[in-house]
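Got your viewer open and a selection box ready? Load the model and follow along, one stop at a time.

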Amino acid sequence: IVGCQPPSPPPAPPIAPPPPSPPSILCTNPVPVQGGCAASLGLLKGDGQEAGYLLITPHTSTDVYLVDASSGDITHTWRTPYGTGHAVYLTADNDIVRLENDLELEANISLRGGASTISVYDDAGELLFRKVIKNETHRLHHQFDMHTFDARAGNGTLFALAAYKLSCEEATELGRTSCKEEDGLYVEAVLEIDTAGDVVWEWYMSNHVCDGCDNLTKVPINSGSGKQQADWVHANSLVYDAEKDVLLMGGAYTNEVYVINHTSPSETPLMGDGAPASLLYRFGAGRFGEQYDVRVLSCEDGLCFTVFNNGRYEKSGCSFDGNGVQETDCSSEVLLTTLPLAVLDPSQATPYASEVLVQTLFNASTLPDGLLGDGSGKFLRLTNGSDVRELDPFFSLVLGSAQLVGEPFTNGSYLSVMVGTTGTLFEAYWDASGLAYSDVRLVWQVPGANPLGPGKPGEGKAPTILENCELPGLQSLSGNNTGWTTRAFTAQRYKDDYCGPR
C-alpha cells in the first residue's frame with residue numbers, strides 16, 4: 001500500500017477471518033460550487049501539504065481508511081466486523097493493528113470508549129492476530145502503544161490500556177468515599193502483551209492512590225470530575241517513551257498525565273505497602289481540562305509531550321443548541337508540556353508543578369479567519385445550499401488528537417489535528433512571520449458514515465461514503481446533539497516512505 005519492502009510471511013493459519021475488504025474507494029473532492037453547493041466531505045483544502053498518508057478509524061463506522069494526504073483520496077479501505085476502540089496503527093508490512101469493540105461480548109465494565117479486542121489485519125482484511133480482554137475484572141479501552149509488537153515475525157510486545165474493576169469494599173479500604181455496589185470502582189491498568197497473547201508485565205493505579213494527599217507520586221482517589229462514578233479516571237491515552245523507558249497515561253476526568261516507570265517490577269492489583277514506587281509523577285490538574293491524545297516528543301532537557309486539551313471544564317462548561325451549534329464560550333487548545341528530568345529520578349526531590357513548562361501550539365485565536373478563510377467568520381462552515389453545519393470556535397467536546405511533525409516552532413514543522421467531534425482533520429504549518437502554527441495547507445472531512453450508528457454493522461447496512469455535497473448527520477454525543485456522523489477520535493500521520501515501527 002505504502003511502498004515498503006515485500007511483507008514477511010504471516011504466522012500459522014489465521015482464525016475466523018472477517019468479511020473480505022471491498023475495493024479501494026477513490027474520493028473526487030473537491031467539486032466546483034454549483035447552485036450554492038460546495039464540497040463538504042473529503043478534501044476541502046490542499047495547498048502544499050507534505051506527501052504521505054493518514055490512517056483513520058471513524059467513530060461511527062466499522063471501516064478503517066488509508067488516505068493519500070496529497071489528493072485526499074481514500075487509497076485503501078479495511079472493512080472490519082467490529083466498531084472501533086479508537087486506536088489503529090499501520091505496520092511495515094502494510095497490516096493494521098486495531099483496537100475494536102465486539103458488542104456481542106458481555107460487558108461487566110461499562111465505560112465510554114470501551115473496547116474488547118486488539119486485532120491485526122493484513123491489507124486484504126485477513127485476520128493475523130486477535131487478543132480479547134473483556135471479562136469480569138478487565139476491559140480494554142481507548143488506546144494502546146505498538147512498542148515492538150510484530151505479529152508476523154512473532155516477537156515484540158505492545159502496551160494496552162485497561163480498566164480494572166474493584167469491589168466497593170476494596171475501594172473503600174483504599175480511601176474511596178463514593179461507590180455503588182453494583183458498579184464498583186474502575187482503576188486504570190497497563191498490560192504489556194506479547195505476540196502469543198500473553199500478558200508479560202502489569203501496572204495498576206490501585207497501588208498508587210491516596211485519600212486527599214498532595215503527593216505528586218500518588219493519585220488522590222476522590223479527585224476530579226469522576227469522583228462520584230465508577231469510571232473515575234477515564235484514561236484515554238497511553239504512550240511509551242523508548243528513550244526514557246517510561247509510559248505516559250492521560251486521565252481525562254482527573255485532568256492529569258501520569259508518568260509510569262516501565263523498569264519497575266510487574267504488579268498485581270492490590271499490593272499495599274509492597275507495591276514498587278513506579279508512579280513517578282502526575283501533572284495537569286488546574287491546567288488541563290479533559291485532555292486527550294498524549295504524544296511523546298524527543299526531548300533532551302526534559303520529558304516532553306503534546307496533548308489535545310479540549311477545555312470542557314473551562315468557565316461554566318459548554319452548551320449547544322439543537323443543531324449542535326455552540327452557545328457558550330468554550331474552546332480547545334494543543335499544548336506542548338515539558339516535565340523536568342528530575343521526575344525520572346526518585347532519588348531527587350519531586351519537582352513542583354510550577355517547574356513544569358506548558359506552551360501553546362494552537363488555540364481558538366490562532367486562525368481568526370477559520371480553516372478555509374471563506375469569510376464566514378466561523379472556524380469551519382459547511383453548507384449544501386440550504387442546510388449548514390458549523391464548528392466555531394476551535395473546539396472538540398470529547399474526541400480529538402494532535403500530532404506534531406518535526407521540531408517544535410521551526411520551519412517545516414506542522415500540526416496534524418483531528419477535531420474528533422466532527423471528524424475534521426487539518427494540518428497547520430509553522431509560520432515564522434506570525435510565530436504561530438497558522439499556515440493551513442490541508443483540511444479533510446471524514447466522508448464515511450454508518451446508518452446504524454457507532455460500531456454497529458449489519459446486513460445491508462455497511463458503512464458508506466457520503467456524496468460530496470451531503471452534510472454529516474447529527475447524533476447525540478456526551479448528552480448533547482453535537483456529534484457529527486463523520487466523527488473520529490484520532491488520526492495517524494505517516495510520511496510517504498513510511499515503513500512501519502521497525
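## Starting at a salt bridge

Select Glu 390 to begin: this residue is partly exposed, with a relative accessible area of 22%. Now add Arg 381, its salt-bridge partner, where the closest N and O atoms are 3.8 Å apart. Arg 381 counts as partly exposed too, at 32% relative accessibility. While you're on charged groups, pick Asp 93, Asp 95 and Arg 152, which are joined into one network by salt bridges that share partners.

Before going further, colour by pLDDT, since this is a predicted model. The average over the protein is 88, and 86% of the residues score at least 70. Then select residues 13-37, where pLDDT stays under 50. The model does have 53 contacts beyond four places in sequence for that stretch. Still, where pLDDT is low, the predicted coordinates should not be read in detail.

## More charged pairs

The count of salt bridges comes to 15. For another one, show the side chains of Glu 333 and Arg 287, which meet at 2.9 Å, N to O. This pair links distant parts of the chain, 46 residues apart: Glu 333 is in strand β21 (residues 333-340), and Arg 287 sits in the loop between β18 (279-283) and β19 (291-297). Is Glu 333 buried or exposed? At 13% relative accessibility, Glu 333 counts as buried, whereas Arg 287 is partly exposed at 29%.

Next, go to Arg 79 and Asp 63, whose side chains form a salt bridge at 2.7 Å, N to O. Arg 79 belongs to strand β4 and Asp 63 to strand β3 (residues 63-68), so the pair ties together parts that are 16 residues apart in sequence. Asp 63 counts as buried, with just 2% relative accessibility.

## Two open sheets

Stay with those strands and switch to cartoon. You're looking at an open sheet of four strands, in the order β4-β3-β2-β33, with antiparallel pairing. The edges are β4 (74-79) and β33 (488-495); each has a single partner strand, so one side of each is left without a neighbour in the sheet. From one strand to the next, the twist averages 20°. Zoom in on β2 (residues 52-58), which is joined to β33 by six bridges. One place to click is Gly 52, whose bridge partner in β33 is Lys 495.

Now for another open, antiparallel sheet of four strands: select β5-β6-β7-β8, in that order. Here β5 (83-90) and β8 (127-132) stand at the edges, and each has a single partner strand, so one side of each lacks a neighbour in the sheet. The twist averages 15° from one strand to the next. Five bridges hold β5 to β6 (residues 96-101), which run antiparallel. Val 88 makes a handy marker, with Arg 98 as its bridge partner in β6.

## Into the cores

Which residues touch the most other members of the largest nonpolar core? Highlight Leu 55, Phe 144, Val 190, Met 205, Trp 232 and Met 249, out of 59 residues in that core. Strand β10 (residues 157-166) gives the most to this core, with seven residues.

Centre on Met 249 and show what surrounds it. Leaving out residues up to four places away in sequence, Met 249 touches several residues, among them Leu 161, Val 190, Trp 203, Met 205, Tyr 258 and Ile 260. Last stop: a second, separate core of 38 residues, including Tyr 292, Leu 361, Leu 399 and Val 419.

Key: Residues numbered from 1 in each chain as written. Predicted model: local features only at pLDDT ≥ 70, side-chain atom pairs only at ≥ 80, totals over all residues. Heavy atoms only, no water. Pairing = 2+ DSSP bridges. Axes fitted to C-alpha atoms, helices over the stretch in contact; angles between N-to-C directions. pLDDT = per-residue confidence, 0-100. Contact = heavy atoms within 4.5 Å. Core = buried A, V, L, I, M, F, W, Y, C linked by side-chain atoms within 4.5 Å. Buried < 20%, exposed > 50% of the residue type's maximum accessible area, 1.4 Å probe, protein only. Salt bridge = Lys/Arg side-chain N within 4 Å of Asp/Glu carboxyl O.
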